[in-house]
Amino acid sequence: MKGKEKSTYEEFIEDPKQKERLDKEYKELLVSELLLASMQEDHISVRQLAEAAGVSPTIIQELRSGKKRNVTLETLMKILDAIGYRLILAPKDKCKPKHA
C-alpha cells in the first residue's frame with residue numbers, strides 16, 4: 001500500500017531554506033494583518049494611528065503593506081500600545097507556530 005501523498009505545502013517545508021523563509025514571512029504577515037484588522041475594527045486611519053503611537057505615518061503604511069520588514073522594538077511597542085496590544089515573550093517550546 002502506498003503512503004499518503006504529500007501536499008504541496010508539505011513538500012515545500014521539507015526544504016530547510018523554504019521552511020525558514022516561510023517562518024520569517026509568516027511573522028511579517030502577522031504584524032501586517034494585526035494592524036489591518038485593528039485599524040478596521042477601530043475605524044482608525046494611518047495618520048491617526050501614527051499620531052497615537054508617535055511614529056511616522058510612513059512606518060505604519062509600510063508595516064500594513066508588508067514593505068517594512070525591520071522595526072525597532074521601541075517602535076513596535078508604541079504601535080502595539082496604540083492599538084491596545086502588548087508584546088509577551090514566551091519560551092519557544094511553549095509557544096509553537098501552528099504550521100511547525
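**Exercise 1.** Histidine 43 lies in the loop between helix 2 and helix 3 (46–53); state the sign of its phi and decide whether its surface is buried or exposed.

*Solution.* The model is a predicted one, in which local features need pLDDT of at least 70 and side-chain atom pairs count only at pLDDT 80 or more, while totals for chains, interfaces and linings use all residues. Residues are numbered from 1 along each chain as its sequence is written, and side-chain values use heavy atoms, with hydrogens and water left out.

Helices are DSSP runs of H or I with at least four residues (strands are runs of E with at least two), numbered from the N terminus. Begin with the backbone: phi of histidine 43 is near 50 degrees, which is a positive value in a residue other than glycine. Then take the surface, where buried means under 20% relative accessible area, exposed over 50%, and partly exposed in between, using a 1.4 Å probe and protein chains only. Histidine 43 has a relative accessible area of 71% and is therefore exposed.

**Exercise 2.** List the salt bridges of the structure and, for each partner, give the accessibility class.

*Solution.* A salt bridge is a side-chain nitrogen of Lys or Arg within 4 Å of a carboxyl oxygen of Asp or Glu, and the structure holds 3 of them.

- Step 1: glutamate 14 pairs with lysine 6, with 2.1 Å between the closest N and O atoms. Both ends are partly exposed, glutamate 14 having a relative accessible area of 46% and lysine 6 one of 45%.
- Step 2: lysine 19 and aspartate 23 are joined at 3.2 Å, N to O, and both belong to helix 2 (residues 16–42), where a spacing of 4 residues places them about one turn apart. Lysine 19 is partly exposed at 27% relative accessibility, whereas aspartate 23, at 18%, is buried.
- Step 3: lysine 78 and glutamate 74 form a salt bridge whose closest N and O atoms are 3.9 Å apart. The two residues are separated by about one helical turn because they stand 4 residues apart in helix 5 (residues 73–82). Lysine 78 is partly exposed at 33%, and glutamate 74 is exposed at 56%.

**Exercise 3.** Describe how helix 2 and helix 4 (residues 57–65) are arranged relative to each other, and identify the residues that make their contact.

*Solution.* Axes are lines fitted to C-alpha atoms, for helices over the stretch in contact, and angles run from 0 to 180 degrees between N-to-C directions. On this basis the two axes come within 7 Å and cross at roughly 115 degrees. Angles under 35 degrees count as roughly parallel, over 145 as roughly antiparallel, 65 to 115 as roughly perpendicular and the rest as oblique, so helix 2 and helix 4 are roughly perpendicular to each other.

For the contact (heavy atoms within 4.5 Å), helix 2 supplies Val31, Ser32, Leu35, Leu36 and Met39, and helix 4 supplies Ile60, Leu63, Arg64 and Ser65. To sort these by class, Ala, Val, Leu, Ile, Met, Phe, Trp, Tyr, Cys and Pro count as nonpolar, Asp, Glu, Lys and Arg as charged, and the others, Gly among them, as polar. The contact of helix 2 with helix 4 then divides into 6 nonpolar, 2 polar and 1 charged residues.

**Exercise 4.** Characterise what happens at the start of helix 4 and just after helix 4.

*Solution.* At the start of helix 4, a side-chain oxygen of serine 56 comes within 3.0 Å of the backbone nitrogen of threonine 58. Just after helix 4, glycine 66 takes a positive phi of about 85 degrees.

**Exercise 5.** Work out the surroundings of threonine 75, a residue of helix 5.

*Solution.* Threonine 75 has a relative accessible area of 14% and is therefore buried. Its side chain makes a polar contact with the side chain of threonine 72 at 2.9 Å; such a contact is a pair of N or O atoms within 3.5 Å, where, within protein, one must be able to donate a hydrogen and the other to accept it, and residues adjacent in sequence count only if both atoms are side-chain atoms. Once neighbours within four places in sequence are set aside, threonine 75 is in contact with Val55 and Ile59.

**Exercise 6.** For leucine 89 and glutamate 51, give the location, the accessibility class and one C-alpha separation each.

*Solution.* Leucine 89 sits in the segment after helix 5 and is exposed at 77% relative accessibility; from alanine 50, 39 residues away in sequence, its C-alpha is 24 Å distant. Glutamate 51 belongs to helix 3 and is exposed at 70%, while its C-alpha lies 34 Å from that of lysine 92, 41 residues away along the chain.
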